[in-house]
Every structure is written in structure tokens, then in C-alpha cells.
Amino acid sequence: MQIYWEENKVIQVLMSTYNGKDYLREQIDSILAQNCKEQMGVSLKLFIRDDGSKDGTQKILDEYAEKYPDKISWYQGENIGVIKSFFELIEKSDEKVEYYAFSDQDDYWHKEKLSAGIKQIKNMTNYDVKEPLLYCCSPLLVDENLKEIDNKMTRKEKRAGFENAVVENIVTGCTIVMNKKLRDMAKAYPPKFTVMHDWWFYLLASCYGKVYYDKNQYISYRQHGTN
């Protein structure tokens with residue numbers, strides 16, 4: 001029987017925002033409702049970079065940071081786009097935490113999302129943190145009202161591996177949970193060019209470590225007119 005409990009460990013969720021006021025509160029609330037502390041003994045911190053919003057997103061971030069000062073912090077960045085924004089978050093992320101995750105600004109996380117990722121990373125390592133490790137899951141496509149969209153592509157068989165990673169990306173960034181080794185590697189070796197940030201993390205982890213693709217769907221991946 002495996003024991004997963006890790007007292008006093010921390011996962012840092014890295015979120016990039018840009019004109020996200022319509023769905024941001026619902027996204028943040030679903031992150032705060034994660035059960036990783038109860039299930040895994042891992043506390044949650046949310047670190048947000050705003051990419052130059054002009055719709056009042058910053059007021060929402062101020063509201064949440066004031067209400068949850070021990071869990072949420074954010075800073076204002078210049079408009080550099082989603083890829084560079086997430087790499088800057090990696091650059092500024094907390095060196096002392098054990099796990100990291102990416103978040104969009106407009107989805108809805110099921111309460112088991114982070115605990116499922118942490119548990120699988122621990123299974124992959126057998127408590128050995130020398131390898132870069134990445135967990136991701138299948139996203140549940142939903143419309144703006146969180147009603148499921150019938151999309152067979154998200155349910156097709158996925159086989160994670162470096163051979164796959166060089167030709168396609170099956171890793172949706174907002175489903176990622178990674179260990180510190182992968183975060184450190186990505187920080188030390190940022191790409192000069194990548195199609196998307198999540199693809200780069202998939203390439204690194206599949207080449208130098210391990211990737212776990214979970215068929216279970218722990219995130220409602222919102223599709224709407226302003227994605």
C-alpha cells in the first residue's frame with residue numbers, strides 16, 4: 001500500500017491573465033477549492049502575472065489577493081503574450097516549493113485536479129526527485145456555461161513519449177502538474193522559439209524524464225468567443 005501524505009509540502013499554481021474578468025472569479029474559486037491539502041498534505045499557493053489587461057482584471061486580482069493574502073499574490077507585467085508570460089512566471093516562481101502547475105484564467109477545476117497530479121508524480125518517482133516529471137490529464141471540453149461539448153478528439157487514445165512529442169503536442173498546459181526538477185530545467189534552458197509553452201514542457205519531460213497522461217478528466221476546459 002502506497003502512502004501519499006506529504007505534510008508541509010507546497011504546490012504553486014502559475015496563472016497568466018489577460019482581459020479575463022468574465023470567468024476569472026469562477027476559475028480562482030475552483031483553484032481555492034482544491035482538495036490537495038486534505039488528500040495529499042500539500043498546501044496551495046496561487047501566483048498570477050497579468051499581461052497588460054484593460055478590462056478591470058486587475059481589480060479582481062486585488063480583491064482576491066486582499067481576501068487571501070496567504071494564498072494569492074500577483075504582479076503587473078507588460079503585454080508580451082501568453083508564451084512569454086508563462087515563461088516569466090517560471091522565472092519568478094518560488095524556488096522552495098515541491099510542485100508547480102499552470103492555470104488559464106477561464107476554466108473550472110474539479111476539486112481532485114491537483115491531488116490527482118501530485119499522486120501520479122509520486123508514483124512515477126517512488127520518492128526519487130532526480131528526474132523531470134510531468135503529469136497531465138484529458139480536458140473536458142465545455143461551452144461558456146460549463147456545459148459539456150461532444151468532442152471525440154479529446155477522448156482518443158494518447159500515448160505520451162518523446163517520439164510523439166517531436167511531432168505533436170498532447171499536453172494541454174492548464175492540466176499540467178510538474179515536479180521541481182522539470183521547473184528548474186525549464187528555467188535554466190528556456191527555448192528561443194516554441195509553438196506553445198506546454199509543448200516545450202512536454203518535450204523536456206519526455207526526453208529527460210517521465211510523462212503521465214491521465215485519461216480521467218479533472219478540468220472543464222472552457223471554449224468561448226474570446227479564448
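Reader: Which backbone oxygen lies 3.1 Å from a polar atom of the side chain of K113?

Author: This is a predicted model, in which local features need pLDDT of at least 70 and side-chain atom pairs count only at pLDDT 80 or more, while totals for chains, interfaces and linings use all residues. Residues are numbered from 1 along each chain as its sequence is written, and side-chain values use heavy atoms, with hydrogens and water left out. K113 is found in helix 5 (residues 113-125); helices (H or I, at least four residues) and strands (E, at least two) are DSSP runs, numbered from the N terminus. The backbone oxygen in question belongs to C174.

Reader: Which side chain of opposite charge is nearest to K113, and how far away is it?

Author: K113 is buried yet has no salt bridge. Buried means under 20% relative accessible area, exposed over 50%, and partly exposed in between (1.4 Å probe, protein chains only); a salt bridge is a side-chain nitrogen of Lys or Arg within 4 Å of a carboxyl oxygen of Asp or Glu. Lys and Arg count as positive and Asp and Glu as negative, with His and the chain ends not counted. The nearest side chain of opposite charge is D107, at 8.4 Å.

Reader: What is the bridge partner of W109 in strand 10?

Author: Strands 5, 10 and 7 form an open sheet in the order 5-10-7, with mixed pairing; two strands pair if DSSP finds at least two bridges between them. The edge strands, each pairing on one side only, are strand 5 (108-109) and strand 7 (140-142). Strand 5 runs antiparallel to strand 10 (residues 219-222), and 2 bridges join them. The partner of W109 in strand 10 is I219.

Reader: Why does C137 form no bond with the closest cysteine sulfur?

Author: The structure holds 0 disulfides (a disulfide is a pair of cysteine sulfur atoms within 2.5 Å). C36 is in no disulfide, its nearest cysteine sulfur being that of C137, 14 Å away. C137 is itself buried, with a relative accessible area of 1%. The closest cysteine sulfur to that of C137 is in C136, and no bond forms because the distance is too far, at 7.2 Å.

Reader: Phi of L146 is near what value?

Author: L146 lies in the loop between strand 7 and helix 6 (162-165). L146 counts as partly exposed because its relative accessibility is 27%. Its phi is positive, in a residue other than glycine, and lies near 65 degrees.

Key:
Polar contact = N/O pair within 3.5 Å; in protein donor to acceptor, adjacent residues only side chain to side chain.
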